[in-house]
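Trainee: I'd like a close look at one part of this model. Could you walk me through it slowly, and then show me what surrounds it?

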Amino acid sequence: MSTTYGKASWPIPSLTDAPNATTMVQAIATQLDSFVIPKYASSAAQAAANPAPADGDKWYRTDLSQGFQFRNVNGGVTVPDGDSWSYINEAVITTTTTQVIFTSIPQTFRHLRLYVAAKDNSVTAANWDFLTCNWDVVSNYGYNFMELSSVGATGTVTVSYQNAVANCICGVVWGSHTTDPGVGVSTVDFPYYSGTTLAHGLTFQGMTSDTGSTQVYVAGGSVLSEAASTAAITTLTVAPGTGSFVAGSIVSLYGIGA
Amino acid sequence: MTMQEQVLHVDCASGEQTYRAPTDAEAEQIAARRAQFAKLHGERASKAEAKAALLARLETDYPGVSELF
């Protein structure tokens, strides 16, 4: 192997080298390791084939349809490949649905983010409903909900508060009983959701309106589960406060970082 | 709770999505949630009504003051 060739600097045998198929194929396999992303059917298969990944090693898990990369930072971490955001799953509602329940939420990310665009079949005086969530069924949620309501040119701020309740607010949903095509959109963050030392909380922002004609409601707030609940968030129930999601509503779950 | 109630279960491990009827425990949680937020809607509406009434009274004595709120 006296020369190299190409961008990968592959070693090329000289004509005077003794033929050695084993050495030659091993050399090619070693070189290919840096250029081929292997596929594994399970975590066990990946661990067996590459038990001590080196910095930059990549692989794809066919059981998860997800790529991974080993980074030699913070003592060595395996992170979802390619970016710091990863799609987990999405519910596109096709029929009236009381609630969406995400289970077996992977614990491999650092933070969770939920996006929701929704309408529901509630009939409230305000024309809109609260978006709610719950990651354990104990009455250990407390929240502050700050709402800026604008009807025409007049705006008012209203603060709502509850504690020791079983469900928390995480956004707003437009009521489908109105004849206009309004919608409620919300973004909800769950920082450090997989930790088990501290209690878990969320922050959110939401907006709902009748598509800008007269009524606009902008909401923001924070929720904290009490210190008694330090279990990692592995399931998440998302639902309108008093009604059910109608067809077309979307609830999307993403993982962030590692 | 009506017979038409259904929930969408999204299993993030398998990717499967299944519409099904709520379990008994889920049905209880749904009822509790609706009671909790119906109460909050009521409190919110009362607060808004009281605020509007107060502003109306202020407006009588101080015309234009409601523009500040």
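In S18(A), which residue is the bridge partner of Ala117(A)?

Mentor: Ile250(A) is the one: that residue is the bridge partner of Ala117(A) in S18(A). Keep in mind that we're looking at a predicted model, so everything here is computed from predicted coordinates. Now let's build outwards from that pair.

S18(A) covers residues 250–256 of chain A, and Ile250(A) belongs to that strand. On one hand you have S9(A), residues 111–120, which is joined to S18(A) by seven bridges, with the two strands running antiparallel. On the other hand there's S7(A), which also pairs with S18(A) in the antiparallel sense, again over seven bridges. If you want a landmark for that second pairing, pick Ala91(A), which stands opposite Val251(A) in S18(A). S18(A) is also mostly covered, as five of its seven residues are buried.

From S18(A), step across to S7(A), and you've got a route to the other chain. S7(A), residues 85–92, is one of the strands that each supply at least two residues of the side of chain A that touches chain B. Also among them are S8(A), at 99–103, S10(A), at 128–134, and S11(A), at 141–151. The largest share comes from S12(A), though, with seven residues. As for the make-up of that side of chain A, it divides into 24 nonpolar residues, 22 polar ones and three charged ones.

S8(A) deserves a pause, since here the strand pairing crosses between chains. Five bridges join S8(A) to S1(B), residues 7–11 of chain B, and these two strands run parallel. Gln99(A) stands opposite Val7(B) in S1(B). Gln99(A) turns up again when you look at area: together with Thr98(A) and Ile101(A), Gln99(A) is among the residues of chain A that lose the most area to chain B, and the three account for 18% of what that side buries.

Now zoom out to the whole interface. Here 49 residues of chain A are in contact with 27 residues of chain B. The two chains bury about 3000 Å² between them, 50% of it on carbon and sulfur atoms. For polar contacts, the count is 23 residue pairs between chain A and chain B, with both residues at pLDDT 80 or more. Salt bridges are quickly listed, with one found across the interface. Glu147(A) and Arg44(B) have side chains that meet in a salt bridge, at 2.6 Å from N to O.

Definitions and conventions: Residues are numbered from 1 along each chain as its sequence is written. Chains are lettered from A and ligands numbered from 1 in the order in which they are written. This is a predicted model: local features need pLDDT of at least 70, side-chain atom pairs count only at pLDDT 80 or more; totals for chains, interfaces and linings use all residues. Side-chain values use heavy atoms; hydrogens and water are left out. Contact means heavy atoms within 4.5 Å. Buried area is the accessible area (1.4 Å probe) that two parts lose on being put together, summed over both. A salt bridge is a side-chain nitrogen of Lys or Arg within 4 Å of a carboxyl oxygen of Asp or Glu. A polar contact is a pair of N or O atoms within 3.5 Å; within protein, one must be able to donate a hydrogen and the other to accept it, and residues adjacent in sequence count only if both atoms are side-chain atoms. Helices (H or I, at least four residues) and strands (E, at least two) are DSSP runs, numbered from the N terminus. Ala, Val, Leu, Ile, Met, Phe, Trp, Tyr, Cys and Pro count as nonpolar, Asp, Glu, Lys and Arg as charged, and the others, Gly among them, as polar. Two strands pair if DSSP finds at least two bridges between them. Buried means under 20% relative accessible area, exposed over 50%, partly exposed in between (1.4 Å probe, protein chains only).
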